[in-house]
Amino acid sequence: MTDRSSLVDRRHFAVRGTAVLLAGGLGLAFSVLAFSVWAQGADSAAGTAGSVPADLCGNLSLADEAARFGLSFDHLTGSKGEKHLPETMGAGLAWLDFDGDGWIDLYLVQSGPFPPPEQGSPAAANQLWRNLGGERFERVRRASPAADSGCGQGAVAADVDGDGDLDLYVTNYGADRLWINRGDGQFEGSPVGVDGWSSSAAFADADADGDLDLYVSRYVVYDPYAELFCGDLDTGERAYCDPSLFVGAEDRFLLNRGDGTFAEATEAAGLAPAAGRGLGVLFTDFDGDGRPDLYVANDLTTNGLYRNRGDGTFDDESLFSGAAVNAQGKPEAGMGLAVGDLDGDGKPDLAVTNFDVETNTLYRNLGEMQFEDFSVSSGFGLPSFNLLGFGLVSADFDLDGDVDFYVANGHIFESPRRADSSYRQHDLLLLGDGQGSFTTASCGPAFDAAWVGRGLAAADFDNDGDVDLALINSAAPAQLLVNSGAEGGAPRSWLGVRLVGAPPNGQAIGARVTLTTTAGRQSRWVVAGDSYQSSSEQRLQFGLGAGEKPLELEVRWPNGKRQRWRGLPLNGYARLVQEGG
């Protein structure tokens with residue numbers, strides 16, 4: 001996440017007493033030129049807004065109702081004024097039904113203090129909140145994942161040992177932890193041999209043996225005790241250092257042994273060395289062959305796209321795919337990731353959040369592992385030009401049958417050097433038209449305030465059919481954005497799906513669900529780990545536009561077999577069990 005404003009503003013950093021001045025007028029010229037190019041793109045895109053109605057929000061309204069639902073969590077960066085880089089990068093969260101009662105619970109990751117004490121700190125303890133029937137959240141204090149007191153970064157929920165209960169993997173600055181759910185409300189924690197600075201993590205059955213394997217993106221090699229000063233040498237005011245000063249930490253890929261323990265397999269899988277300052281990771285079948293492929297968002301270096309061979313090994317397709325860089329051939333500062341079929345062609349398109357003055361990037365999936373950057377023409381990229389995006393979710397928020405996006409924004413510098421940027425930033429809601437075009441909208445009071453957004457994940461926690469959101473904001477209270485779209489105005493019909501896969505992959509991670517309606521086709525993918533350092537629920541929701549009727553729903557299970565259903569009831573969740581499962 002390089003601060004592109006460092007090209008145009010006076011900036012110092014010093015290493016062991018040696019001062020260096022960064023300045024330059026050439027960068028200013030480049031930045032102005034880049035803005036001019038994007039502005040021209042904005043004008044050309046204005047006439048391609050598709051069929052988005054004039055009343056953009058319709059029934060949709062998002063409001064922070066954390067207090068009403070009893071959810072109280074304040075994120076701590078652990079900062080003591082020394083401006084350590086990990087302080088500004090956390091944290092994430094995970095939605096999971098840990099007690100199996102049908103109501104999605106919430107796990108929130110805590111960060112500070114920093115540097116973390118060797119034995120952890122009670123102030124760094126994560127929090128698990130039980131969902132009481134969609135009406136209130138209650139903090140669970142005795143569940144062992146809440147005792148994870150490392151310097152937290154992110155979390156992902158998945159059934160790691162195949163026993164039907166959702167487990168938790170927590171990424172830390174320091175040793176990561178795997179928390180195995182014992183089914184009685186308690187978890188057993190164990191290290192997995194991954195330490196240093198981990199960021200996001202994701203699960204998928206990469207080697208087709210039925211159980212879920214793990215990829216962990218890791219950021220940089222960071223020593224909090226090194227003699228490094230970044231900031232203004234004249235005043236002594238510290239600032240967070242540019243990540244380019246640090247060597248990227250190598251990501252890790254681990255194969256599940258079948259009992260919930262893991263074996264290091266990064267090099268054997270063809271994924272080493274992957275040291276691109278990784279921040280986001282996502283498994284999805286991008287080429288339609290039924291195998292989960294891998295995408296990694298890196299900071300300052302090319303993003304990685306790896307084709308799954310089907311045996312737990314991968315081919316590096318990054319530079320050949322078009323998804324490693326932007327339309328200008330430049331690597332960006334990738335953070336959050338999300339996929340969605342934006343134009344109804346059945347292929348997962350890819351979205352990435354980036355630093356300011358870069359715009360977020362939207363890649364159209366052309367098939368055969370080929371992607372096209374259509375951030376400008378789609379209307380997706382330009383609204384983010386002066387924003388720094390972290391968390392990212394794709395969902396049909398307004399239940400009209402089209403994929404939308406929500407972006408959590410916030411800078412890493414308390415005093416950004418560009419006059420048109422700020423530390424606290426408003427989030428973005430981009431409503432899709434089903435043809436690959438997007439329009440920004442501020443639907444509800446959630447957009448009235450600015451925050452320093454980080455982790456973001458989606459779940460229909462109140463089971464009313466529309467997608468709600470939870471966000472962690474740096475050094476601020478967590479938010480619970482309740483979607484009231486299914487309650488007000490003209491009612492929208494919807495279809496919810498909960499997949500039950502064949503053990504040990506009971507969540508059916510890697511499945512593709514396609515709903516054919518009288519208006520077209522909608523596709524969803526079941527993933528474990530997305531956004532930024534976060535994990536959304538695995539149930540899927542399909543909105544139906546006005547007059548739209550469902551015809552058939554098809555599930556392609558992770559093993560490649562397909563099942564079809566007709567006549568599923570609307571406005572509720574259908575439990576679909578894999579044949580032979």
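Lys83 is buried in this predicted model. Its relative accessible area is 17%, and the cut-off for buried is under 20%. Lys83 forms a salt bridge with Glu414. The closest N and O atoms of the two are 2.7 Å apart. This pair links distant parts of the chain. Lys83 sits in the loop between β3 (62-64) and β4 (93-96). Glu414 sits in the loop between β27 (404-409) and β28 (428-432). The two residues are 331 residues apart. Glu414 is partly exposed, with a relative accessible area of 34%.

Side chains of opposite charge can pair when their charged atoms come close. The count of salt bridges in this model comes to 20. Another of them joins Asp285 to Arg556, with the closest N and O atoms 2.6 Å apart. Asp285 lies in the loop between β18 and β19, and Arg556 lies in strand β37 (residues 550-556), so the pair ties together parts that are 271 residues apart in sequence. Both ends are enclosed. Asp285 counts as buried at 5% relative accessibility. Arg556 is buried too, with a relative accessible area of 4%.

Strand β37 also carries Glu552. Glu552 forms a salt bridge with Arg566, where the closest N and O atoms are 3.7 Å apart. Arg566 lies in the loop between β38 (562-565) and β39 (573-577), 14 residues from Glu552. Glu552 counts as partly exposed at 22% relative accessibility. Arg566 counts as exposed at 60%. Both residues belong to a network of salt bridges that links Arg512, Glu552, Glu554, Arg562, Arg564 and Arg566.

Return now to the loop between β18 and β19. Phe286 lies there as well, with Phe371 in strand β25 (residues 370-373), so this aromatic pair ties together parts that are 85 residues apart in sequence. Their ring centres are 5.7 Å apart and their planes stand at 80°, so the pair is edge-to-face. The cut-off for that label is over 60 degrees. Phe286 counts as buried at 1% relative accessibility. Phe371 counts as buried at 7%.

The structure holds 21 aromatic pairs. Trp197 and Tyr222 make another edge-to-face pair, at 6.1 Å centre to centre and 80° between the planes. Trp197 lies in the loop between β11 (187-191) and β12 (198-204), and Tyr222 in the loop between β13 (213-218) and β14 (228-232), so the pair ties together parts that are 25 residues apart in sequence. Trp197 and Tyr222 are both buried. Ring pairs also draw them into a cluster with Phe114, Tyr173, Tyr219 and Phe246.

Some rings have a charge over them. Arg177 lies over the face of Trp179, at 5.3 Å from the ring centre. Arg454 lies over the face of Phe390, at 4.1 Å from the ring centre.

In soluble globular proteins, nonpolar side chains tend to be buried together. Here the largest nonpolar core has 35 residues. Those with the most contacts inside this core are Tyr169, Phe203, Leu499, Leu553, Val555 and Leu576. Beyond its neighbours within four places in sequence, Tyr169 contacts residues including Val156, Leu178, Phe203, Leu214 and Val216. Polar and charged contacts of Tyr169 include Asp176 and Arg177. Another core lies apart from the largest one and has 22 residues. Among them are Phe114, Trp197, Phe246 and Phe413.

Now follow strand β28. Five of its five residues are buried, so β28 is largely enclosed by the rest of the structure. Both of its faces are covered. Leu428, Leu430 and Gly432 are buried on one side, and Leu429 and Leu431 are buried on the other. β28 pairs with β27 in the antiparallel sense over three bridges. One bridge joins Val407 to Leu428. β28 also pairs with strand β29 (residues 438-440), antiparallel and over three bridges. There, Gly432 is bridged to Phe438. β28 and β29 form a hairpin with five residues between them. Gly434 in the turn has a positive phi of about 80°.

A second hairpin involves β14 and β15, with four residues between the strands. The two strands pair in the antiparallel sense over two bridges. Asp232 has Glu237 as its bridge partner in β15. In this hairpin, Gly236 takes a positive phi near 80°.

Methods
Residues are numbered from 1 along each chain as its sequence is written. This is a predicted model: local features need pLDDT of at least 70, side-chain atom pairs count only at pLDDT 80 or more; totals for chains, interfaces and linings use all residues. Side-chain values use heavy atoms; hydrogens and water are left out. Rings of Phe, Tyr and Trp (its six-membered ring) pair if their centres lie within 6.5 Å; planes under 30 degrees apart count as stacked, over 60 as edge-to-face and the rest as tilted. Buried means under 20% relative accessible area, exposed over 50%, partly exposed in between (1.4 Å probe, protein chains only). A charge sits over a ring if NZ of Lys or CZ of Arg is within 6 Å of the ring centre and within 35 degrees of the ring normal. Two strands pair if DSSP finds at least two bridges between them. A nonpolar core is a set of buried Ala, Val, Leu, Ile, Met, Phe, Trp, Tyr and Cys residues joined through side-chain atoms within 4.5 Å. Contact means heavy atoms within 4.5 Å. A salt bridge is a side-chain nitrogen of Lys or Arg within 4 Å of a carboxyl oxygen of Asp or Glu.
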